[in-house]
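Welcome, and please open the structure in your viewer. We will go from stop to stop, and at each one you will hear what to select and what is there.

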Amino acid sequence: MSAPSSFPNPDSNDLDRLHAAVKREKEDLDPGHEPAPMWVLFFFMLVAIVAGGQLGPMTGGFSFDVSNPFSIAKSGDPRPGGGDGAAAMDPFQTAMKKGASGYAVCGGCHQGSGMGLPGQYPPLAGSEWVLGGTERLIRVVQHGLVGQVTVKGQNYNFPGGMQGFGAGMSAGDFANVLTYIRNSWGNEAPMITKEMVEKFRADEKRTTQWTMAELEPFKDKNLPGEIPAGPGATSPAAK
Amino acid sequence: MQTSTASPDTQADNLRRAAIDKSVKGPVLFLFLNGAFWLMASTILGVLAAIKQFAPDFLGACSVLQYGRLQPTHINALVYGWGVQVGLGVMLWIMARRSGQELRTGKSVLYVAAVFWNIAVTLGLVAILVGKSTSMQWLEMPAFVWPVLLVSFLAFAWPMVFMFGRAFRPEGFMVSTWYILGACFWFPWIFITANVALHCLPGLGALGAGINAWYVHTVILLFFAPVAIGAAYYFIPKVTGQPIASSQLSQIGFWLLAILGGWTGMQHYMGGPLPAWMPALGAAAGVLLLIPVGVVGLNHHLTTLGKHNLVASSPTLRFVFFGALFYPVSGAILALISNFSTGATLQFTQAWYGFQIVAVYGFFSMTVFGAIYYIVPRLTGCEWLSVRLIRNHFWFSVYGIGTIVVTSLVAGAQQGGDLNSPEMWDQDFMQLALNLRPYIIARAIAWALITWSNVWFLIHLMLMVAGLGRRSSAPTLLEHDHEEVLPQAAHA
C-alpha cells in the first residue's frame with residue numbers, strides 16, 4: 001500500500017500518522033443475544049391496546065363513503081331520512097313525524113285531540129270527511145269549505161267556513177299533514193303522498209272555497225298515485 | 001486495543017479499511033460540506049421565519065422575505081439541502097465500511113449527481129422565495145426539481161446496493177446495514193409515489209393533502225429514522241467496544257419500523273374529509289410505532305450501559321447518544337400528535353413544527369453530527385482542531401433543540417386547547433395566534449443559538465476538508481482527565 005500521491009498533506013508518506021484514526025478503531029462486533037426483558041412485552045401489550053383504540057370505533061367500517069370518525073358505516077348520515085336518501089326512514093313514519101308538526105296550523109280550530117269544538121269546529125277523529133275519499137279531503141284543505149257541513153251526523157256552520165291552507169304549504173308538507181290526520185286519534189287510512197298532491201294541484205286550479213254540495217261527487221273518490229309499501233299502504237295502527 | 005497489536009492480519013485489515021475510506025472520500029466530503037452549508041442557511045432562515053411570525057414588520061414589506069416564503073424555504077433547506085444530502089454521505093461511508101467494499105467505479109457519476117442535487121436544491125429554494133412554491137409541505141419546490149433529486153439519489157443508492165450485494169454477510173452484519181439498505185429503497189419509493197401523485201394525477205382533492213402528510217411522515221420514518229438508527233447501531237458499538245446488546249431486539253425494531261412506517265401520515269387530517277379509516281389506520285400505526293422506537297431505544301441503552309464516561313469524552317458518542325436518546329422522544333411526540341385524544345388538540349398547531357424539528361434535528365441531525373465527527377478525520381487524515389468548537393456545537397444544539405421542541409409542544413397544547421375550548425368561542429383565531437408570541441420569540445432565540453453553533457461547525461468542517469486539521473495520531477476528545485480514558489483512546 002503506497003500513500004496516494006495526490007494527497008494534499010506534505011507529510012502524506014507518513015503511513016503511521018495517516019492511518020492513525022483507522023488503526024485505533026475497535027473491530028466490528030457481533031451483536032449479543034440478550035433476550036428481550038419481560039416488561040418489554042407488557043409495554044408492547046399496553047401500546048397495542050392504545051393503538052387498537054385508535055382503530056376500533058374510528059374506522060367508519062373501512063368504508064370509502066364515511067369520513068366521520070365517530071360513526072360506523074351502518075348508521076350513515078345522522079339527519080332523518082339520511083342525507084342522500086339511500087338509507088331513508090320508512091316514508092310513512094317520516095310523514096307522520098313531519099305531519100305532527102304541520103298539524104299545529106290545524107290544531108287551532110280542530111284541537112290537538114282532533115275532536116274539534118262542539119257547535120263550532122267539526123272533529124277530525126273518526127270523521128267520514130277525513131277517512132273517506134281523498135279527492136274530497138284534499139279539496140277541503142287545499143281550497144277551504146264554506147256553508148253548512150254535516151260531520152258524524154252533526155251540523156256545523158262556522159261563519160266564513162274554513163280557509164284554504166294549500167297555497168301556503170309545499171306539496172310535501174301538505175301530504176304529510178293529510179297523512180297525519182288520517183292516521184291519528186284512532187283514524188286509520190292509507191297515506192297521501194307528495195306526488196299525489198303535486199298531480200292534484202296541477203289538475204285542479206280552483207281558487208274559491210268549496211261547498212258541501214259541490215264536493216258530493218268526490219265523496220268516495222281517491223287520488224290516483226302509488227302508495228309506498230309499508231304501514232302507510234294499508235290501514236296501519238299508527239299511534 | 002488494536003494499536004498495540006501489529007499482527008499481519010490486523011495490519012491488512014487496517015490497510016483495507018483505509019483503502020475503503022479513500023475510495024469514498026471525495027463524494028462523502030462533498031456531501032458533508034454542502035450539507036453543512038445548507039444547514040447553516042436553514043438555521044438562519046429559521047431565525048428569520050420565527051422573527052417574522054411575531055414581528056411581521058421586520059425586514060420590511062419585501063414579498064421575498066415574508067413568513068410564508070421563509071418558512072418553507074427553511075424547512076426545505078433543512079430536509080433536502082442538509083438532511084437527505086448528508087444522510088447519503090453517511091449511508092455511503094457506513095455501507096462501504098460494513099460491506100468491506102471499496103467504491104470501485106463511478107466516482108465521477110457521484111460527483112455529478114451531488115452537484116446536480118445542490119443545483120436543484122438551490123433553484124428550488126430560490127423558486128420558493130420568489131413565489132413559485134407549490135404550497136405542499138416538504139414539497140414546496142417546483143415540479144421540475146424532483147426528477148433531478150430522484151436521479152441524483154438513485155445515483156448514490158445504486159453503488160450502495162451493489163456494495164451490499166457483493167459483501168460477505170456474517171451473522172450480525174445486518175444490524176446497522178439493513179437500515180441503510182432500507183433507506184436506499186424507501187426514499188425513492190416515497191419520493192416517486194408522492195411526487196407522481198401530487199404533480200401528475202389531476203383531481204385528487206382532499207386526498208392530495210393526505211398524500212402530502214403521508215410523504216412528510218414517511219420521509220421521517222423511512223428515511224431519516226433508518227439512516228440515523230443505522231448510524232447509531234454502527235457507531236455506538238464501534239466507540240464503546242461493546243456489542244449491540246440484543247440482536248433479537250434489533251430485529252423487532254427494524255421490521256416493525258419497516259412495516260408500520262408506511263402506514264402513518266393520514267392521521268394528520270383526523271376528522272377531515274378523508275375516508276375515516278385512513279386517519280384511523282395512521283393513528284393506530286403512529287401509536288404502534290412506540291414499540292419499535294422503544295425497542296431500539298432500549299437496545300441502545302443496554303449497549304451504552306456502563307460506558308457513559310465515553311459519552312462525556314468522545315464527540316462521536318456524545319452526539320450519537322443524544323440523537324439516539326431523541327429517537328424515543330420523537331416517537332413519543334409522534335404518538336402524542338397521532339392518537340385521537342391528544343391529536344385532536346395538537347392538530348394544526350405549533351406542535352406539528354415541534355415534531356418535524358425533533359425528528360429531523362434532535363434525532364437525525366444530532367446522530368449525523370456524531371457520524372461526521374467520526375468519519376471526517378478518517379477521510380482527511382487530520383484530527384478535529386478544537387475541542388471547544390465541538391463542545392460549543394453540542395451544547396448550543398442541545399439547548400436550542402430542547403427549547404424549540406418544548407416550546408412548540410407547549411404552544412401547540414395551548415393553541416389547540418384554546419381553539420377547541422367552548423369557553424373561548426368569542427376569541428378570534430388571530431388573538432389565539434398572538435397569544436403564542438412568547439413561544440415564538442423563544443424559538444427565534446433558539447434558532448439563533450443553533451445558527452451560532454452551525455456557523456462554527458461549518459468553519460471547522462471546512463478547515464478539516466482543507467487538510468488544516470490537527471496533525472496528530474491522537475483523537476480530539478472532549479475530556480482527558482477521566483482515569484479510564486487512555487492516552488491513545490480508541491473511541492474517537
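Before the first stop, one definition helps: a helix axis here is a line fitted to C-alpha atoms over the stretch in contact, and the angle between two axes runs from 0 to 180 degrees between their N-to-C directions. Please also keep in mind that this is a predicted model.

**Stop 1: a pair of helices in chain B**

Select residues 206-240 of chain B, which form helix α6, and then residues 315-338 of chain B, which form helix α11. Their axes come within 10 Å and cross at roughly 135°. Angles of 65 to 115 degrees count as roughly perpendicular and those over 145 as roughly antiparallel, so α6(B) and α11(B) are oblique to each other. The residues that make this contact are worth showing as sticks. On the α6(B) side, pick A228(B), I229(B), A231(B), A232(B), F235(B), I236(B), V239(B) and T240(B). On the α11(B) side, add T316(B), L317(B), V320(B), G323(B), A324(B) and Y327(B). Colour this set by class and you should find 11 nonpolar residues, 3 polar ones and no charged ones. As for handedness, α6(B) passes α11(B) in a left-handed crossing.

**Stop 2: another pair in chain B**

Stay in chain B and select residues 350-380, helix α13, together with residues 437-465, helix α16. How do their axes run? They come within 12 Å and cross at roughly 15°. That angle makes α13(B) roughly parallel to α16(B). The crossing is left-handed. To see where the two helices meet, highlight Q350(B), V376(B) and T380(B) in α13(B), then Y439(B), L461(B), M464(B) and V465(B) in α16(B). By class, this contact has 5 nonpolar and 2 polar residues, with no charged residues.

**Stop 3: two loop residues in chain B**

Next, look at the backbone of two residues. Select L59(B), which sits in the loop between α1 (8-54) and α2 (67-99) of chain B. Its phi is positive, about 70°, although L59(B) is not a glycine. Is L59(B) buried, exposed or partly exposed? It has 14 C-beta neighbours inside 10 Å, so it counts as partly exposed.

Now move to S135(B), in the loop between α3 (107-129) and α4 (145-166) of chain B. S135(B) also has a positive phi, near 55°, and is a residue other than glycine. With 10 C-beta neighbours inside 10 Å, S135(B) counts as exposed.

**Stop 4: where the chains touch**

Show both chains and select the residues at their contact. Chain A brings 43 residues to it and chain B brings 51. On the side of chain A that touches chain B, the elements giving two or more residues are α1 (15-18), α2 (20-23) and α3 (38-55) of chain A. Which of them gives the most? It is α3(A), with 10 residues. The residues of this side of chain A divide into 24 nonpolar, 11 polar and 8 charged.

**Stop 5: chain A as a whole**

Hide chain B for a moment and view chain A as a cartoon. Its secondary structure comes to 10 helices and 5 strands. Chain A has 239 residues, and buried residues make up 28% of them. Among its contacts between residues at least 6 apart in sequence, 62% join residues at least 24 apart.

**Stop 6: helix α8 of chain A**

For the last stop, select residues 171-182 of chain A, helix α8. This helix has 12 residues and reaches 17 Å from its first C-alpha to its last, close to the 16 Å expected at 1.5 Å a residue. It is mostly covered, with 9 of its 12 residues buried. Among the buried residues are F174(A), V177(A), L178(A), Y180(A) and R182(A). What covers them includes α4 (91-102), α5 (104-110), α6 (128-131), α7 (134-143) and α9 of chain A.

Add α9(A), residues 194-203, to the selection: its axis and that of α8(A) come within 8 Å and cross at roughly 115°. The two helices are therefore roughly perpendicular to each other, and α8(A) passes α9(A) in a right-handed crossing. At this contact, A171(A), G172(A), F174(A) and A175(A) of α8(A) meet K194(A), M196(A), V197(A), E198(A) and R201(A) of α9(A). These residues divide into 5 nonpolar, 1 polar and 3 charged.

Notes: Residues are numbered from 1 along each chain as its sequence is written. Chains are lettered from A and ligands numbered from 1 in the order in which they are written. This is a predicted model: local features need pLDDT of at least 70, side-chain atom pairs count only at pLDDT 80 or more; totals for chains, interfaces and linings use all residues. Helices (H or I, at least four residues) and strands (E, at least two) are DSSP runs, numbered from the N terminus. Angles under 35 degrees count as roughly parallel, over 145 as roughly antiparallel, 65 to 115 as roughly perpendicular and the rest as oblique. A crossing is left-handed if the near helix is turned anticlockwise from the far one by less than a right angle, and right-handed if clockwise. Two residues are in contact if their C-beta atoms, placed from the backbone, lie within 7 Å. Ala, Val, Leu, Ile, Met, Phe, Trp, Tyr, Cys and Pro count as nonpolar, Asp, Glu, Lys and Arg as charged, and the others, Gly among them, as polar. The expected span of a helix is 1.5 Å times one less than its number of residues. A residue is buried if 20 or more other C-beta atoms lie within 10 Å of its own, exposed if 12 or fewer, and partly exposed in between; C-beta atoms are placed from the backbone.
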